[in-house]
Amino acid sequence: MFRDFGWQDLVPLAEGAWLTIQLCAVSGILGVIFGLVLGIARTSPSRIARWISTIYISCVRGIPVLVIIFFVFFGIPLLFPGLEPDKFSSAVIALTCFAAAYVAEIVRGSIEAVAKGQSEAADALGLNYWRKLRYVILPQAVKIMVPPGIGFLIGLVKDSSLVTVTGLLELTHAGNVVTNLTGDPIKTFLVVAAMYFVICYGISLLGRLYEKRTGVHVDPLKLPEPAGV
Amino acid sequence: MIFVENLNKKFGPNHVLKGIDCHIREREVVCVIGPSGSGKSTFLRCMNGLETISSGSIVINKHRLDDSKTNINLVRQEAGMVFQHFNLFPHLKVIDNVMLAPLKVAKTSKEEARAKAEMLLAKVGLAEKMDAFPGNLSGGQQQRVAIARALAMDPKIMLFDEPTSALDPEIVGEVLAVMKDLAQEGMTMVVVTHEMGFAREVADRVIFMDQGRIVEEGTPEEIFSTPQHGRTQGFLSKVL
(Lines give C-alpha, C1' and ligand atoms only; values in the text may rest on other atoms or scores of the structure.)
Protein backbone atom coordinates (compact mmCIF):
# COMPACT_ATOMS: atom_id res chain seq x y z
CA MET A 1 0.00 0.00 0.00
CA PHE A 2 2.99 2.34 0.36
CA ARG A 3 4.93 3.60 -2.56
CA ASP A 4 8.64 4.38 -2.42
CA PHE A 5 9.82 7.82 -1.44
CA GLY A 6 10.61 9.45 -4.76
CA TRP A 7 11.26 12.74 -6.47
CA GLN A 8 7.55 13.48 -6.74
CA ASP A 9 7.40 13.64 -2.93
CA LEU A 10 9.67 16.62 -2.94
CA VAL A 11 6.87 18.71 -4.42
CA PRO A 12 4.56 18.73 -1.37
CA LEU A 13 7.55 19.17 0.89
CA ALA A 14 8.74 22.16 -1.12
CA GLU A 15 5.24 23.59 -1.01
CA GLY A 16 5.23 23.05 2.76
CA ALA A 17 8.60 24.77 3.03
CA TRP A 18 7.27 27.73 1.01
CA LEU A 19 4.29 28.00 3.32
CA THR A 20 6.61 27.89 6.33
CA ILE A 21 8.67 30.68 4.82
CA GLN A 22 5.55 32.79 4.16
CA LEU A 23 4.23 32.09 7.65
CA CYS A 24 7.50 33.04 9.32
CA ALA A 25 8.02 36.08 7.12
CA VAL A 26 4.59 37.52 7.89
CA SER A 27 4.58 36.73 11.59
CA GLY A 28 8.25 37.66 11.88
CA ILE A 29 7.65 41.10 10.36
CA LEU A 30 4.48 41.69 12.39
CA GLY A 31 6.25 40.36 15.49
CA VAL A 32 9.12 42.78 14.99
CA ILE A 33 6.72 45.72 14.53
CA PHE A 34 4.65 44.92 17.61
CA GLY A 35 7.79 43.90 19.48
CA LEU A 36 9.34 47.30 18.79
CA VAL A 37 6.25 49.07 20.06
CA LEU A 38 6.08 46.88 23.16
CA GLY A 39 9.82 47.12 23.80
CA ILE A 40 9.72 50.92 23.55
CA ALA A 41 6.68 50.98 25.83
CA ARG A 42 8.57 48.77 28.25
CA THR A 43 11.27 51.42 28.62
CA SER A 44 9.03 54.47 28.32
CA PRO A 45 8.62 57.10 31.03
CA SER A 46 4.88 56.42 31.08
CA ARG A 47 4.01 54.07 33.88
CA ILE A 48 0.85 52.84 32.17
CA ALA A 49 2.73 51.95 28.99
CA ARG A 50 5.37 50.11 30.99
CA TRP A 51 2.70 48.32 32.98
CA ILE A 52 0.70 47.11 29.98
CA SER A 53 3.71 45.90 28.05
CA THR A 54 5.24 44.20 31.08
CA ILE A 55 2.05 42.28 31.73
CA TYR A 56 1.73 41.25 28.12
CA ILE A 57 5.34 40.15 27.85
CA SER A 58 5.31 38.16 31.10
CA CYS A 59 2.06 36.45 30.20
CA VAL A 60 3.11 35.39 26.72
CA ARG A 61 6.54 34.31 27.86
CA GLY A 62 4.96 32.19 30.55
CA ILE A 63 2.78 30.23 28.14
CA PRO A 64 4.00 27.44 25.82
CA VAL A 65 3.77 28.33 22.13
CA LEU A 66 1.62 25.30 21.51
CA VAL A 67 -0.94 26.54 24.01
CA ILE A 68 -0.99 29.95 22.31
CA ILE A 69 -1.57 28.23 18.97
CA PHE A 70 -4.45 26.14 20.38
CA PHE A 71 -5.88 29.16 22.12
CA VAL A 72 -5.95 31.25 18.95
CA PHE A 73 -7.08 28.41 16.70
CA PHE A 74 -9.96 27.25 18.90
CA GLY A 75 -10.52 30.34 20.97
CA ILE A 76 -11.04 33.06 18.36
CA PRO A 77 -14.08 31.49 16.66
CA LEU A 78 -15.66 31.00 20.11
CA LEU A 79 -14.78 34.41 21.50
CA PHE A 80 -15.74 36.25 18.33
CA PRO A 81 -18.57 34.33 16.69
CA GLY A 82 -18.69 34.93 12.99
CA LEU A 83 -14.95 35.53 12.89
CA GLU A 84 -13.38 32.39 11.56
CA PRO A 85 -9.85 33.02 10.49
CA ASP A 86 -8.38 30.41 8.17
CA LYS A 87 -5.56 28.20 9.37
CA PHE A 88 -2.89 30.43 7.95
CA SER A 89 -4.28 33.56 9.63
CA SER A 90 -4.67 31.74 12.94
CA ALA A 91 -1.07 30.59 12.74
CA VAL A 92 0.07 34.13 11.89
CA ILE A 93 -1.86 35.58 14.83
CA ALA A 94 -0.48 33.00 17.26
CA LEU A 95 3.12 33.30 16.11
CA THR A 96 2.89 37.10 16.01
CA CYS A 97 1.63 37.23 19.61
CA PHE A 98 4.46 34.95 20.61
CA ALA A 99 7.16 36.74 18.61
CA ALA A 100 6.13 40.21 19.76
CA ALA A 101 6.80 39.35 23.41
CA TYR A 102 10.26 37.96 22.74
CA VAL A 103 11.23 40.69 20.31
CA ALA A 104 10.05 43.23 22.90
CA GLU A 105 12.51 41.84 25.42
CA ILE A 106 15.31 42.02 22.86
CA VAL A 107 14.34 45.61 22.09
CA ARG A 108 14.24 46.52 25.76
CA GLY A 109 17.62 44.92 26.37
CA SER A 110 19.13 46.77 23.41
CA ILE A 111 17.71 50.13 24.45
CA GLU A 112 19.07 49.61 27.94
CA ALA A 113 22.43 48.54 26.52
CA VAL A 114 22.91 51.95 24.90
CA ALA A 115 25.07 53.79 27.40
CA LYS A 116 23.27 56.01 29.88
CA GLY A 117 25.54 58.88 28.88
CA GLN A 118 23.93 58.89 25.42
CA SER A 119 20.54 59.54 26.91
CA GLU A 120 21.94 62.25 29.19
CA ALA A 121 23.75 63.93 26.32
CA ALA A 122 20.51 64.00 24.31
CA ASP A 123 18.64 65.36 27.33
CA ALA A 124 21.26 68.02 27.87
CA LEU A 125 20.82 69.18 24.26
CA GLY A 126 17.12 69.67 24.87
CA LEU A 127 15.89 66.76 22.76
CA ASN A 128 12.52 65.57 23.98
CA TYR A 129 11.77 61.90 24.60
CA TRP A 130 10.68 60.99 21.06
CA ARG A 131 13.48 62.84 19.34
CA LYS A 132 15.99 61.30 21.70
CA LEU A 133 14.61 57.87 20.89
CA ARG A 134 14.48 58.50 17.17
CA TYR A 135 17.85 60.15 16.59
CA VAL A 136 20.06 58.92 19.42
CA ILE A 137 18.87 55.77 21.14
CA LEU A 138 17.20 53.64 18.47
CA PRO A 139 19.89 53.98 15.78
CA GLN A 140 22.35 52.57 18.27
CA ALA A 141 19.94 50.05 19.78
CA VAL A 142 18.99 48.61 16.39
CA LYS A 143 22.57 47.59 15.77
CA ILE A 144 22.62 45.84 19.12
CA MET A 145 19.31 44.08 18.46
CA VAL A 146 20.24 42.49 15.17
CA PRO A 147 22.29 39.50 16.37
CA PRO A 148 19.83 38.35 19.06
CA GLY A 149 16.95 39.24 16.72
CA ILE A 150 18.35 36.97 14.02
CA GLY A 151 18.75 34.25 16.62
CA PHE A 152 15.14 34.66 17.62
CA LEU A 153 13.88 34.55 14.01
CA ILE A 154 15.69 31.26 13.53
CA GLY A 155 13.96 30.00 16.65
CA LEU A 156 10.66 31.23 15.25
CA VAL A 157 11.11 29.15 12.09
CA LYS A 158 11.66 26.05 14.19
CA ASP A 159 8.81 26.84 16.57
CA SER A 160 6.52 27.40 13.59
CA SER A 161 6.56 23.62 13.12
CA LEU A 162 4.17 23.48 16.06
CA VAL A 163 1.34 24.95 13.99
CA THR A 164 1.24 21.55 12.31
CA VAL A 165 -1.36 20.70 14.98
CA THR A 166 -3.86 23.00 13.31
CA GLY A 167 -3.62 21.08 10.06
CA LEU A 168 -1.96 23.92 8.18
CA LEU A 169 0.13 22.31 5.46
CA GLU A 170 3.43 23.81 6.43
CA LEU A 171 6.70 21.94 6.21
CA THR A 172 6.31 19.63 9.20
CA HIS A 173 2.74 18.77 8.33
CA ALA A 174 3.74 18.11 4.73
CA GLY A 175 6.39 15.76 6.10
CA ASN A 176 3.71 13.89 8.00
CA VAL A 177 1.52 13.60 4.94
CA VAL A 178 4.38 12.30 2.81
CA THR A 179 5.31 9.81 5.51
CA ASN A 180 1.77 8.48 5.47
CA LEU A 181 1.98 8.01 1.72
CA THR A 182 5.44 6.47 1.55
CA GLY A 183 5.82 4.82 4.93
CA ASP A 184 9.34 6.18 4.94
CA PRO A 185 9.69 8.64 7.81
CA ILE A 186 13.49 8.50 7.75
CA LYS A 187 13.99 9.77 4.22
CA THR A 188 11.04 12.14 4.49
CA PHE A 189 12.11 13.82 7.69
CA LEU A 190 15.73 13.94 6.62
CA VAL A 191 14.51 16.04 3.70
CA VAL A 192 12.27 18.09 6.02
CA ALA A 193 15.19 18.67 8.38
CA ALA A 194 17.41 19.70 5.48
CA MET A 195 14.79 22.21 4.32
CA TYR A 196 14.48 23.73 7.79
CA PHE A 197 18.23 23.93 7.93
CA VAL A 198 18.43 25.75 4.62
CA ILE A 199 15.80 28.29 5.73
CA CYS A 200 17.51 28.90 9.06
CA TYR A 201 20.96 29.04 7.57
CA GLY A 202 19.68 31.52 5.01
CA ILE A 203 18.44 33.78 7.78
CA SER A 204 21.74 33.66 9.60
CA LEU A 205 23.55 34.48 6.35
CA LEU A 206 21.28 37.50 5.92
CA GLY A 207 22.15 38.55 9.46
CA ARG A 208 25.84 38.20 8.79
CA LEU A 209 25.47 40.20 5.59
CA TYR A 210 23.77 43.00 7.53
CA GLU A 211 26.51 43.02 10.12
CA LYS A 212 29.16 43.21 7.44
CA ARG A 213 27.34 45.99 5.59
CA THR A 214 26.89 48.14 8.65
CA GLY A 215 30.31 47.24 9.98
CA VAL A 216 28.77 46.22 13.24
CA HIS A 217 30.46 43.39 14.96
CA VAL A 218 28.22 43.99 17.79
CA ASP A 219 29.84 44.24 21.14
CA PRO A 220 27.15 46.04 23.07
CA LEU A 221 29.39 46.77 26.00
CA LYS A 222 32.06 48.40 23.91
CA LEU A 223 29.94 50.22 21.34
CA PRO A 224 29.10 53.47 23.14
CA GLU A 225 32.49 53.79 24.82
CA PRO A 226 34.62 56.58 23.39
CA ALA A 227 37.71 55.37 21.59
CA GLY A 228 41.14 56.84 22.01
CA VAL A 229 40.93 57.34 25.74
CA MET B 1 21.81 84.41 35.97
CA ILE B 2 21.81 81.31 38.18
CA PHE B 3 20.24 81.46 41.62
CA VAL B 4 20.46 78.42 43.84
CA GLU B 5 18.71 78.51 47.16
CA ASN B 6 18.86 75.91 49.91
CA LEU B 7 19.30 73.14 47.37
CA ASN B 8 18.96 69.64 48.79
CA LYS B 9 19.41 66.40 46.92
CA LYS B 10 18.89 62.94 48.34
CA PHE B 11 19.52 59.61 46.68
CA GLY B 12 17.42 57.41 48.91
CA PRO B 13 18.90 57.71 52.39
CA ASN B 14 21.98 59.39 50.95
CA HIS B 15 21.92 63.13 51.57
CA VAL B 16 24.22 64.31 48.78
CA LEU B 17 23.59 68.06 48.72
CA LYS B 18 22.83 69.71 52.03
CA GLY B 19 21.49 73.18 51.55
CA ILE B 20 23.52 74.76 48.76
CA ASP B 21 23.16 78.50 48.30
CA CYS B 22 24.85 80.04 45.34
CA HIS B 23 24.47 82.93 42.95
CA ILE B 24 26.28 82.97 39.64
CA ARG B 25 26.34 86.18 37.64
CA GLU B 26 26.34 86.66 33.93
CA ARG B 27 29.78 86.28 32.32
CA GLU B 28 31.17 84.79 35.48
CA VAL B 29 33.45 81.74 35.39
CA VAL B 30 33.01 79.62 38.49
CA CYS B 31 35.14 76.56 39.20
CA VAL B 32 33.84 74.01 41.65
CA ILE B 33 36.51 71.93 43.33
CA GLY B 34 36.48 69.37 46.10
CA PRO B 35 37.14 65.74 46.90
CA SER B 36 35.31 62.88 45.17
CA GLY B 37 31.87 62.37 46.57
CA SER B 38 31.60 65.96 47.74
CA GLY B 39 28.49 66.42 45.57
CA LYS B 40 30.02 68.84 43.06
CA SER B 41 28.95 66.84 39.99
CA THR B 42 25.48 66.32 41.40
CA PHE B 43 25.24 70.05 42.03
CA LEU B 44 26.14 70.73 38.39
CA ARG B 45 23.73 68.10 37.08
CA CYS B 46 20.90 69.64 39.09
CA MET B 47 21.41 72.87 37.18
CA ASN B 48 20.08 71.41 33.93
CA GLY B 49 17.66 68.94 35.38
CA LEU B 50 19.69 65.78 34.83
CA GLU B 51 19.08 65.22 38.52
CA THR B 52 15.78 66.09 40.14
CA ILE B 53 15.83 68.40 43.10
CA SER B 54 14.74 67.05 46.48
CA SER B 55 14.06 70.49 47.94
CA GLY B 56 15.10 74.10 47.51
CA SER B 57 15.10 76.05 44.31
CA ILE B 58 17.20 76.72 41.24
CA VAL B 59 16.41 79.58 38.91
CA ILE B 60 18.25 79.74 35.62
CA ASN B 61 17.55 82.75 33.44
CA LYS B 62 14.15 83.20 35.05
CA HIS B 63 13.26 79.52 34.55
CA ARG B 64 12.42 77.84 37.85
CA LEU B 65 13.75 74.29 37.72
CA ASP B 66 11.80 73.20 40.77
CA ASP B 67 8.52 74.19 39.11
CA SER B 68 6.96 71.23 37.33
CA LYS B 69 5.38 73.62 34.80
CA THR B 70 8.80 74.70 33.58
CA ASN B 71 9.68 73.17 30.22
CA ILE B 72 12.98 71.59 31.11
CA ASN B 73 13.98 71.33 27.47
CA LEU B 74 13.91 75.12 27.17
CA VAL B 75 16.22 75.42 30.15
CA ARG B 76 18.54 72.86 28.63
CA GLN B 77 18.79 74.83 25.42
CA GLU B 78 20.11 77.73 27.45
CA ALA B 79 22.53 75.65 29.50
CA GLY B 80 24.94 73.57 27.43
CA MET B 81 26.61 70.65 29.13
CA VAL B 82 29.94 68.93 28.60
CA PHE B 83 30.48 65.53 30.19
CA GLN B 84 33.49 63.75 31.59
CA HIS B 85 33.12 60.93 29.06
CA PHE B 86 32.18 63.23 26.14
CA ASN B 87 29.08 61.19 25.28
CA LEU B 88 29.29 61.96 21.60
CA PHE B 89 26.80 60.05 19.47
CA PRO B 90 28.95 57.28 17.96
CA HIS B 91 26.62 56.59 15.03
CA LEU B 92 26.77 60.17 13.77
CA LYS B 93 29.61 61.96 12.06
CA VAL B 94 31.26 64.78 13.94
CA ILE B 95 29.39 67.43 11.97
CA ASP B 96 26.07 65.64 12.50
CA ASN B 97 26.73 65.46 16.23
CA VAL B 98 27.01 69.23 16.23
CA MET B 99 24.04 69.77 13.89
CA LEU B 100 21.58 67.43 15.61
CA ALA B 101 20.15 69.77 18.22
CA PRO B 102 19.94 72.85 15.95
CA LEU B 103 18.13 70.77 13.31
CA LYS B 104 15.78 68.81 15.52
CA VAL B 105 15.27 71.07 18.52
CA ALA B 106 15.75 74.61 17.23
CA LYS B 107 14.44 73.68 13.74
CA THR B 108 17.17 75.65 12.04
CA SER B 109 17.47 75.18 8.31
CA LYS B 110 20.00 72.63 7.15
CA GLU B 111 22.29 75.18 5.50
CA GLU B 112 22.28 77.42 8.52
CA ALA B 113 22.92 74.53 10.93
CA ARG B 114 25.75 73.29 8.77
CA ALA B 115 27.39 76.68 8.45
CA LYS B 116 27.18 77.12 12.19
CA ALA B 117 28.57 73.65 12.89
CA GLU B 118 31.48 74.29 10.53
CA MET B 119 32.18 77.56 12.25
CA LEU B 120 32.11 75.95 15.70
CA LEU B 121 34.30 73.05 14.66
CA ALA B 122 36.79 75.49 13.21
CA LYS B 123 36.69 77.35 16.48
CA VAL B 124 37.65 74.26 18.46
CA GLY B 125 40.31 73.48 15.86
CA LEU B 126 38.65 70.47 14.27
CA ALA B 127 37.41 71.72 10.92
CA GLU B 128 39.24 68.90 9.13
CA LYS B 129 37.56 66.21 11.26
CA MET B 130 34.02 67.15 10.23
CA ASP B 131 33.28 63.92 8.39
CA ALA B 132 35.03 61.60 10.82
CA PHE B 133 33.15 59.43 13.27
CA PRO B 134 33.75 60.10 16.97
CA GLY B 135 35.30 56.67 17.44
CA ASN B 136 38.19 57.69 15.20
CA LEU B 137 39.10 60.76 17.23
CA SER B 138 41.36 61.05 20.24
CA GLY B 139 39.81 61.82 23.60
CA GLY B 140 40.87 65.44 23.45
CA GLN B 141 39.36 65.84 19.99
CA GLN B 142 36.14 64.17 21.10
CA GLN B 143 35.84 66.52 24.03
CA ARG B 144 36.37 69.52 21.78
CA VAL B 145 33.62 68.23 19.49
CA ALA B 146 31.42 67.86 22.57
CA ILE B 147 32.06 71.50 23.42
CA ALA B 148 31.15 72.53 19.86
CA ARG B 149 28.01 70.42 20.07
CA ALA B 150 26.95 72.12 23.30
CA LEU B 151 27.68 75.56 21.81
CA ALA B 152 25.55 74.87 18.75
CA MET B 153 22.38 75.77 20.62
CA ASP B 154 23.77 79.20 21.58
CA PRO B 155 23.58 78.49 25.29
CA LYS B 156 23.86 81.37 27.71
CA ILE B 157 25.54 79.13 30.26
CA MET B 158 28.01 76.29 29.84
CA LEU B 159 28.24 73.54 32.43
CA PHE B 160 31.37 71.40 32.47
CA ASP B 161 31.42 68.16 34.43
CA GLU B 162 35.06 67.21 34.93
CA PRO B 163 35.75 67.75 31.23
CA THR B 164 39.39 66.67 31.36
CA SER B 165 39.28 63.85 33.91
CA ALA B 166 39.06 61.11 31.29
CA LEU B 167 41.92 62.50 29.19
CA ASP B 168 45.58 61.66 28.99
CA PRO B 169 47.62 64.36 30.74
CA GLU B 170 49.32 65.53 27.55
CA ILE B 171 46.04 66.31 25.78
CA VAL B 172 44.30 68.01 28.70
CA GLY B 173 45.77 71.30 27.55
CA GLU B 174 44.00 71.39 24.18
CA VAL B 175 40.61 71.13 25.88
CA LEU B 176 41.47 73.67 28.54
CA ALA B 177 42.63 76.07 25.84
CA VAL B 178 39.22 75.92 24.16
CA MET B 179 37.51 76.50 27.50
CA LYS B 180 39.79 79.41 28.22
CA ASP B 181 38.88 81.04 24.91
CA LEU B 182 35.26 80.58 25.76
CA ALA B 183 35.73 82.21 29.14
CA GLN B 184 37.49 85.17 27.54
CA GLU B 185 34.58 85.64 25.17
CA GLY B 186 32.40 86.20 28.19
CA MET B 187 30.54 82.90 28.43
CA THR B 188 29.00 82.20 31.80
CA MET B 189 30.64 78.97 32.90
CA VAL B 190 30.38 76.54 35.78
CA VAL B 191 33.24 74.09 35.74
CA VAL B 192 33.59 71.10 38.02
CA THR B 193 37.26 70.29 37.77
CA HIS B 194 40.38 68.84 39.29
CA GLU B 195 42.54 71.14 37.19
CA MET B 196 43.71 73.57 39.85
CA GLY B 197 45.94 75.39 37.39
CA PHE B 198 42.94 76.12 35.17
CA ALA B 199 40.81 77.20 38.13
CA ARG B 200 43.51 79.53 39.37
CA GLU B 201 44.09 81.09 35.98
CA VAL B 202 40.63 81.31 34.46
CA ALA B 203 38.07 81.31 37.26
CA ASP B 204 36.55 84.49 38.61
CA ARG B 205 35.47 82.55 41.63
CA VAL B 206 36.33 79.17 43.12
CA ILE B 207 33.88 77.17 45.19
CA PHE B 208 35.21 74.44 47.46
CA MET B 209 32.68 71.74 48.27
CA ASP B 210 32.92 68.91 50.77
CA GLN B 211 30.33 66.45 52.02
CA GLY B 212 27.45 68.10 50.21
CA ARG B 213 28.12 71.63 51.39
CA ILE B 214 29.87 74.71 50.07
CA VAL B 215 32.67 75.01 52.59
CA GLU B 216 34.36 78.06 51.21
CA GLU B 217 34.26 80.30 48.17
CA GLY B 218 36.22 83.23 46.91
CA THR B 219 38.59 84.46 44.26
CA PRO B 220 41.21 81.94 43.12
CA GLU B 221 43.74 84.02 45.03
CA GLU B 222 41.76 83.74 48.27
CA ILE B 223 41.09 80.01 47.93
CA PHE B 224 44.48 78.88 46.75
CA SER B 225 46.75 81.26 48.64
CA THR B 226 44.88 81.97 51.84
CA PRO B 227 42.26 79.27 52.39
CA GLN B 228 40.39 79.98 55.59
CA HIS B 229 38.83 76.65 56.31
CA GLY B 230 40.72 73.63 57.62
CA ARG B 231 39.12 71.27 55.12
CA THR B 232 40.03 73.51 52.21
CA GLN B 233 43.59 73.67 53.44
CA GLY B 234 43.69 69.89 53.83
CA PHE B 235 42.31 69.27 50.36
CA LEU B 236 44.60 71.77 48.67
CA SER B 237 47.67 70.47 50.45
CA LYS B 238 46.96 67.08 48.88
CA VAL B 239 46.25 68.22 45.32
CA LEU B 240 48.61 71.12 44.79
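A salt bridge here is a side-chain nitrogen of Lys or Arg within 4 Å of a carboxyl oxygen of Asp or Glu. Keep that cut-off at hand for the exercises below, and bear in mind that this is a predicted model.

**Exercise 1. Salt bridges**

Find how many salt bridges the structure holds over all chains, then work out which parts of chain B are tied together by the pair E28(B) and R205(B).

*Solution.*
- Step 1: Over all chains, the total comes to 20 salt bridges.
- Step 2: One of the pairs to check is E28(B) with R205(B), whose closest N and O atoms are 2.9 Å apart. The cut-off is 4 Å, so the pair qualifies as a salt bridge.
- Step 3: Now place both partners. E28(B) sits in the loop between strand 2 (14–24) and strand 3 (29–33) of chain B, while R205(B) belongs to strand 9 (residues 205–210) of chain B, so the salt bridge ties together parts 177 residues apart in sequence.

**Exercise 2. Where the chains meet**

Describe the contact between chain B and chain A: how many residues does each chain give, how much area is buried, and which side chains form a salt bridge across it?

*Solution.*
- Step 1: Chain B contributes 30 residues and chain A contributes 24 residues.
- Step 2: Together the two chains bury about 2200 Å², and 60% of this is on carbon and sulfur atoms. On the chain B side, F89(B), H91(B) and K104(B) lose the most area to chain A, together 23% of what that side buries.
- Step 3: Counting salt bridges between chain B and chain A gives one. The side chains involved are those of R45(B) and E120(A), at 2.6 Å from N to O.

**Exercise 3. Two helices of chain B**

Characterise how helix 3 and helix 5 of chain B pack: what are the angle, the axis distance and the handedness of the crossing?

*Solution.*
- Step 1: Two packed helices are described by the angle between their axes and the distance between the axes. For helix 3 (residues 94–104) and helix 5 (residues 139–151) of chain B, the angle is about 25° and the axes lie 8 Å apart.
- Step 2: Angles under 35 degrees count as roughly parallel, so helix 3 of chain B is roughly parallel to helix 5 of chain B.
- Step 3: The crossing of these two helices is right-handed.
- Step 4: From helix 3 of chain B, V94(B), N97(B) and V98(B) meet V145(B), A148(B) and R149(B) of helix 5 of chain B. By class, this contact has four nonpolar, one polar and one charged residues.

**Exercise 4. The make-up of chain A**

State how many helices and strands chain A has.

*Solution.* Chain A has eight helices and zero strands, giving the pattern α-α-α-α-α-α-α-α along the sequence. Its C-alpha atoms fill a box of roughly 75 × 45 × 20 Å along the principal axes.

Notes:
Residues numbered from 1 in each chain as written. Chains lettered and ligands numbered in written order. Predicted model: local features only at pLDDT ≥ 70, side-chain atom pairs only at ≥ 80, totals over all residues. Heavy atoms only, no water. Axes fitted to C-alpha atoms, helices over the stretch in contact; angles between N-to-C directions. Helix = DSSP H or I, 4+ residues; strand = E, 2+ residues; numbered from the N terminus. Parallel < 35°, antiparallel > 145°, perpendicular 65-115°, else oblique. Left-handed = near helix turned anticlockwise from the far one by under 90°. Contact = heavy atoms within 4.5 Å. Nonpolar A, V, L, I, M, F, W, Y, C, P; charged D, E, K, R; others polar. Buried area = accessible area lost by both parts, 1.4 Å probe.
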